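Please open the model in your viewer and keep the selection panel at hand. The stops below say what to select next and what is there.

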Amino acid sequence: MLSLLILVPLAGLLLLNLPFTPAMKRTAWAFAFTVALAQVAMVLVAPAAAWSQQGFLAQYFSFGLEAKDLTRVLLLAIGIVMATTLMVGRSMITDDRQQFNFVNLLLVSIIGMNGVVLVTDLFSLYVFLEVTSVSSFILIAFNRDLGGLEGAFKYLILSAVATVLMLTGVALLMLVAGGTSFETVAAAMKTSGGITISQMAVGAFVCGLFIKGGLVPFHGWLPDAYSSAPAPVSILLAGIVTKVSGIYALVRLATSVFPASGAMNEVLMVVGAASIIVGALAALGQHDLKRMLAYSSISQMGYIVLGLGCGTPLGIVGAVFHLFNHAIFKTLLFVNSAAIEQRTGTTDMNRMGGLGSRMPVTGVTSTIAALSTAGVPPLAGFWSKLIIVIALWQAHDYGFAGIAVLMSVVTLAYLLLMQRRIFFGKTSPEHAGVREAAAGVVVPELVLAALTVAVGLLFPWVLNTFMLPVGGIFH
Amino acid sequence: MAGTDTMDTMLDILLVWLLVGAAMATVMTPRILWSVIGLAVTSAVLTILMFRFDSPLAAVFELSVCAGLIPAIFISTISLTQRLSPEGMAERRREKWRRFGLLPVLVILVGVALMQVHIPLDFVAPPAAKETDVRNVLWHVRHIDLVGQIAILLGGAWGVVVLLKERKRAA
């Protein structure tokens, strides 16, 4: 059953491009949308047996996949963000041929991301990270404009550096462990985790993941890539790609493959805190909406890494919960940005104002997402940040807890500033005729806003059903 | 016997020097065709090293793909382009020197620095896998990676369609 999450998009990709089936090309969007929704449904309703590798396909495909609780949270987020990206893409990419290309690249991306969260081998993880990256490079440059090409080029170069680091790490770990499966490496780390070459390997691999995740000081590519990519691609990148490529892989490896060590946790907490501070302060000074949201993403991913670095089960629960919440509310903020770009033709906040009355749905949903990002109760972001702060406090990391709280105030400041500049005040004459975004953009806005509120209000159920098992699986 | 070991070590060191030299030439040469040839030579030398280090499967892939297929594709593409004018070539040469003139010095400095670093190999390496049947490796041992490689190839194909074919049509 797990193999289907990779094989169905792959088979669809091949079938849609057979030369003798032009009629099937018209069904490409519907197929990809169904795949995304089926993935969401599978996570929510599939019985436990569906998550094993038993069954008819297992006779032919021995992929060695595994779906733990953490994996299911990520698969759910991938499905939601992918469905959102497809809806916004359909609304914003009007040319049929371009839309077909876009859907194909999204299918490659979903194969890559599902592979990253399901594999149980370091080298396979690297392969699927590359699958995700290849589709991302092309998607960023999709419009073939100078900004997009520059953003894609920067991402490509820094990804190449990450590749070298990760492959070096894999090679050294293979030398020590004699294999690259998570199980083999974890067993070898228990006996040889303290030796120099193991530490070098872990350091190289983790640095590669920091680059992929856009964490400070390896964040140089991220603002350019997010802000210069077409609007639907920004949703995909900010919503899920960097989380799966960098942050999820980091959580998975740091908790169940690489040995837990004080030094490693210290590094994670310092990188997390630096990302929170640099991202938040840089976001304050931006006037381009997408660039501001990109810096905000760096800051929020810092919270996830800070929770992870805490090293306690509660810290890990907080990190994974914030990872999921951030996927939802940051996707919503980028959908809001797409709606504004679609109607005003710009993302420059200096040229906006008074859009709240003309785009009420976008305005209200943007407020919900902004408040959730800043950690205002009772929205989803509040609970995940609270768990991270409590975990830090319990671990006696008072300084880092203080940074987390203080920077939430800065987050609230730049996001309220954003709301004021875009939705309040007088409407500029050039936007006098602006109206609410198309249904393809408004519907995802409403669904994601409802999810943000619902996760916040149903916090005890979400915590007990999805999140607490995540904290338990590693111990 | 000791003489043979010394000769082997000398040969490996010579090959590593050749590898670094070919890689630097690939980056520094102003002519793109020579860059491709430099890349092919780099891969060919790496292939020999892989054979010598008892990794025949990796060597075969390096030789066939990196030293064979990729340079062939590059050269096919270059054959479709126009040569630079003498003035353009002179400008390219100056630009290359500006960018990479200090690269040999940097490589030597990094080499000297690395020689000072002593990494203790205080562990017993497990025996390396001795699988030599490429079909078994690809289809049974690294099954999932094969699927990933197919996805990368499809992604690359769409890259060509989106970034090159469409652009040509628009022009």
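**A tour from one helix outwards**

Begin by selecting helix 4 of chain B, residues 86-100, whose 15 residues reach 21 Å from the first C-alpha to the last, close to the 21 Å expected at 1.5 Å a residue; that expected span is 1.5 Å times one less than the number of residues, and helices (H or I, at least four residues) and strands (E, at least two) are DSSP runs numbered from the N terminus. This is a predicted model, in which local features need pLDDT of at least 70 and side-chain atom pairs count only at pLDDT 80 or more, while totals for chains, interfaces and linings use all residues. Residues are numbered from 1 along each chain as its sequence is written, and chains are lettered from A and ligands numbered from 1 in the order in which they are written.

Colour helix 4 of chain B by burial: the number of buried residues is zero, so this helix lies largely in the open. Here a residue is buried if 20 or more other C-beta atoms, placed from the backbone, lie within 10 Å of its own, exposed if 12 or fewer, and partly exposed in between.

Within helix 4 of chain B, pick B:Met89, which counts as partly exposed because it has 13 C-beta neighbours inside 10 Å. Leaving aside residues up to four places away in sequence, B:Met89 touches B:Pro30 and B:Leu84, a contact being a pair of residues whose C-beta atoms lie within 7 Å. Add B:Arg31 to the selection: B:Met89 and B:Arg31 are 58 residues apart in sequence, yet 8.0 Å apart in space, C-alpha to C-alpha.

Now select the whole of chain B, which has seven helices and zero strands. Its radius of gyration is 21 Å, well over the 16 Å that the globule rule gives for 171 residues, so chain B is more spread out than a compact globule; the radius is taken over C-alpha atoms, and the rule is 2.2 Å times the number of residues to the power 0.38. Of the 171 residues of chain B, 13% count as buried.

Next, show the residues where the two chains meet: 26 residues of chain B are in contact with 35 residues of chain A. On the chain B side, these divide into 17 nonpolar, six polar and three charged.

Finally, move to helix 11 of chain A, residues 231-256, where 25 of the 26 residues are buried, so this helix is largely enclosed by the rest of the structure.

Technical notes. Nonpolar A, V, L, I, M, F, W, Y, C, P; charged D, E, K, R; others polar.
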